[in-house]
Amino acid sequence: MLKLGEYNMLEVVRERDQGIYLCDDEGNEVLLPNKYVPEQFQIRDVLKVFVYLDSSERIVSTTLEPYATVKSFAYLKCTSNSEIGAFLDWGLEKDLFVPFKEQASKMRVGSWYLVYVYLDEETNRLVASSKTNAFLDNTLVLLSPYDEVDLIASHPSPQGWNMIVNQKHLGLVYADEIFQKITAGDRLKGFVKKVRPDGKIDLTLQRHGYRVIEPNAQQIINELKASGGFIDLNDKSDPEDIKEVFQLSKKSFKKAIGALYKARKITIEKDGIRLLD
């Protein structure tokens with residue numbers, strides 16, 4: 001069965017004026033237009049193609065790689081509006097449709113939106129929705145503290161940044177643990193701090209406890225080398241100054257320089273830290 005909105009591995013079965021026809025294991029065929037046909041191919045070769053509907057609602061394939069596949073989130077630019085909805089650039093010739101009812105707020109041409117791509121069962125069309133929370137579920141969260149997770153920045157709140165976790169769940173990184181600029185659509189690595197009884201996920205962008213000391217320490221070493229071996233910051237410095245230079249909390253910074261001091265990698269002086277040879 002041809003899978004709309006996904007990559008398919010299909011066999012070349014014949015060549016025609018408009019392109020080549022590819023076939024799945026069940027005998028379903030789809031056209032790969034000439035503009036996407038490889039320079040060299042043979043009948044029975046297997047090609048990886050993306051399958052979707054063209055502007056005439058016909059199933060077609062392409063070797064172009066879209067910015068998103070079905071059942072995934074992506075940050076896309078609005079290219080146009082119509083009487084029935086908006087259209088987003090997702091890397092293919094035909095833009096991705098967003099019905100009015102699936103827009104969290106009216107989309108504007110030139111603006112970017114975090115959306116979820118899905119197959120509309122009623123129309124059998126690939127569409128997108130900016131009402132992303134509707135496609136997240138925290139009913140069953142099979143995650144534990146310290147687990148590394150893939151994050152997509154969803155939207156800010158007074159508490160911090162809401163994150164899409166592993167394309168499945170909604171989580172939160174608290175504002176006082178953010179030491180870098182974040183914008184909607186950013187893809188980040190994060191770590192689970194806690195999964196609450198109600199399924200809410202507390203996240204951090206830093207590894208926990210002793211796990212974070214080593215990479216933070218190396219970051220400080222790198223900054224010291226880039227600064228000629230001395231930086232005018234130490235454990236008495238203002239937290240905002242530390243954050244600006246190292247993108248670390250003062251607590252994390254103190255742990256890291258403490259580890260470096262014990263390892264005799266640095267000296268902690270009255271007016272800063274100095275790298276030892």
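This is a short walk through a predicted model, with a suggestion at each stop for what to select next.

**First stop: strands S1, S2 and S3**

Start by selecting residues 19-23, which make up strand S2. All 5 of the 5 residues here are buried, so S2 is largely enclosed by the rest of the structure. Now add residues 7-16, and you have strand S1, which pairs with S2 in the antiparallel sense over 5 bridges. The two strands are joined by a hairpin, with 2 residues making the link from S1 to S2. To check the register, look at Glu 11, which stands opposite Cys 23 in S2.

Next, bring in residues 29-33, strand S3, which is antiparallel to S2 and also shares 5 bridges with S2. Here a handy pair to label is Leu 22 and its bridge partner in S3, Val 30. The hairpin between S2 and S3 has 5 residues in between, and if you click on Gly 27 in that turn you will find a positive phi of about 90°.

**Second stop: two cysteines**

Stay with Cys 23 for a moment and colour Cys 78 as well. Are these cysteines buried or exposed? Cys 23 has a relative accessible area of 14%, which is under the 20% cut-off, so Cys 23 counts as buried. Cys 78 is buried too, with a relative accessible area of 1%. There is no disulfide to look for, as the structure holds 0 of them.

**Third stop: the barrel**

Move along to strands S11 to S15. They form a closed barrel of 5 strands, running S11-S12-S13-S15-S14, and the pairing is mixed. On average, neighbouring strands of this sheet are turned by 55° against each other, ignoring direction.

For a closer view, select residues 148-157 (strand S11) together with residues 160-165 (strand S12); these two run antiparallel and are joined by 6 bridges. Put a label on Leu 151 and then on Val 165, its bridge partner in S12.

**Fourth stop: inside helix H1**

Now pick out helix H1, residues 209-226, and zoom in on Asn 216, which has its place there. How accessible is Asn 216? Its relative accessibility is 5%, so Asn 216 counts as buried. Show what surrounds this side chain: setting aside neighbours within four places in sequence, Asn 216 is in contact with Gln 206, Leu 248, Ser 252 and Ala 256.

**Fifth stop: both ends of helix H2**

Select residues 239-246 for helix H2, and include Asp 238, which caps the N-terminal end of this helix. Draw a distance here: a side-chain oxygen of Asp 238 lies 2.8 Å from the backbone nitrogen of Glu 240. Then go to the other end, where Gln 247, just after H2, takes a positive phi of about 55°.

**Last stop: a sheet with a helix across it**

Finish with the open sheet of 3 strands, whose order is S16-S18-S17 and whose pairing is antiparallel. The edge strands are S16 (230-231) and S17 (266-269), each of which pairs on one side only. Select S17 along with residues 272-275, strand S18, and you can trace 4 bridges between these antiparallel strands. One pair worth labelling is Ile 268 and Ile 273, with Ile 273 in S18 standing opposite Ile 268.

Finally, switch on residues 250-262. This is helix H3, which lies across S17 and S18 and runs at about 120° to S17. While H3 is in view, bring Asn 216 back on screen, with its contacts including Ser 252 and Ala 256.

Definitions and conventions:
Residues are numbered from 1 along each chain as its sequence is written. This is a predicted model: local features need pLDDT of at least 70, side-chain atom pairs count only at pLDDT 80 or more; totals for chains, interfaces and linings use all residues. Side-chain values use heavy atoms; hydrogens and water are left out. A disulfide is a pair of cysteine sulfur atoms within 2.5 Å. Buried means under 20% relative accessible area, exposed over 50%, partly exposed in between (1.4 Å probe, protein chains only). A polar contact is a pair of N or O atoms within 3.5 Å; within protein, one must be able to donate a hydrogen and the other to accept it, and residues adjacent in sequence count only if both atoms are side-chain atoms. Two strands pair if DSSP finds at least two bridges between them. Axes are lines fitted to C-alpha atoms, for helices over the stretch in contact, and angles run from 0 to 180 degrees between N-to-C directions. Contact means heavy atoms within 4.5 Å.
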